[in-house]
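Work through the exercises below with the sequence and the structure side by side, and try each task before reading its solution.

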Amino acid sequence: MSEQPDSYEAAVERLEQIIDRLDSGQAGLRETLELCREGRALVEYCSGELDAVSAGLQELRLDELAAKLEDA
């Protein structure tokens, strides 16, 4: 998979398809290698998305804390 998925949800859906295909035992050696490469790229993409969301949530919490301290 050379292009980025449209969304985290699309990446997870594609990962599920890859896992199903690998679990089926019907993928040949080359297809298995390609699926593993694509899956790795998708996992890296998902990890980055989760990190970005986590950082955003942390930022929101810090802003809330600063607002509470200012009000105190």
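**Exercise 1.** Find the residues in contact with Ala27, leaving aside its neighbours within four places in sequence.

*Solution.* Take contact as heavy atoms within 4.5 Å; then Ala27 is in contact with Arg21, Thr32 and Leu35. The model is predicted, so local features need pLDDT of at least 70 and side-chain atom pairs pLDDT 80 or more, whereas totals for chains, interfaces and linings use all residues. Residues are numbered from 1 along each chain as its sequence is written, and side-chain values use heavy atoms, with hydrogens and water left out.

**Exercise 2.** Determine which residues make up the largest nonpolar core, and which helix gives the largest share.

*Solution.* A nonpolar core is a set of buried (under 20% relative accessible area, 1.4 Å probe, protein chains only) Ala, Val, Leu, Ile, Met, Phe, Trp, Tyr and Cys residues joined through side-chain atoms within 4.5 Å. Here the largest one has eight residues, namely Ala11, Leu15, Ile18, Ala27, Leu35, Leu42, Tyr45 and Cys46. Two or more residues each come from helix H1 (8–24) and helix H2 (29–71), helices being DSSP runs (H or I) of at least four residues, numbered from the N terminus. The largest share, four residues, comes from H2.

**Exercise 3.** List the buried residues of H2 and state which element they pack against.

*Solution.* In H2, the buried residues are Leu35, Glu38, Gly39, Leu42, Tyr45 and Cys46, and the buried residues of this helix pack against H1.

**Exercise 4.** Decide whether Leu57 is buried, partly exposed or exposed.

*Solution.* Leu57 lies in helix H2. Its relative accessible area is 41%, and partly exposed covers the range between under 20% (buried) and over 50% (exposed), so Leu57 is partly exposed.
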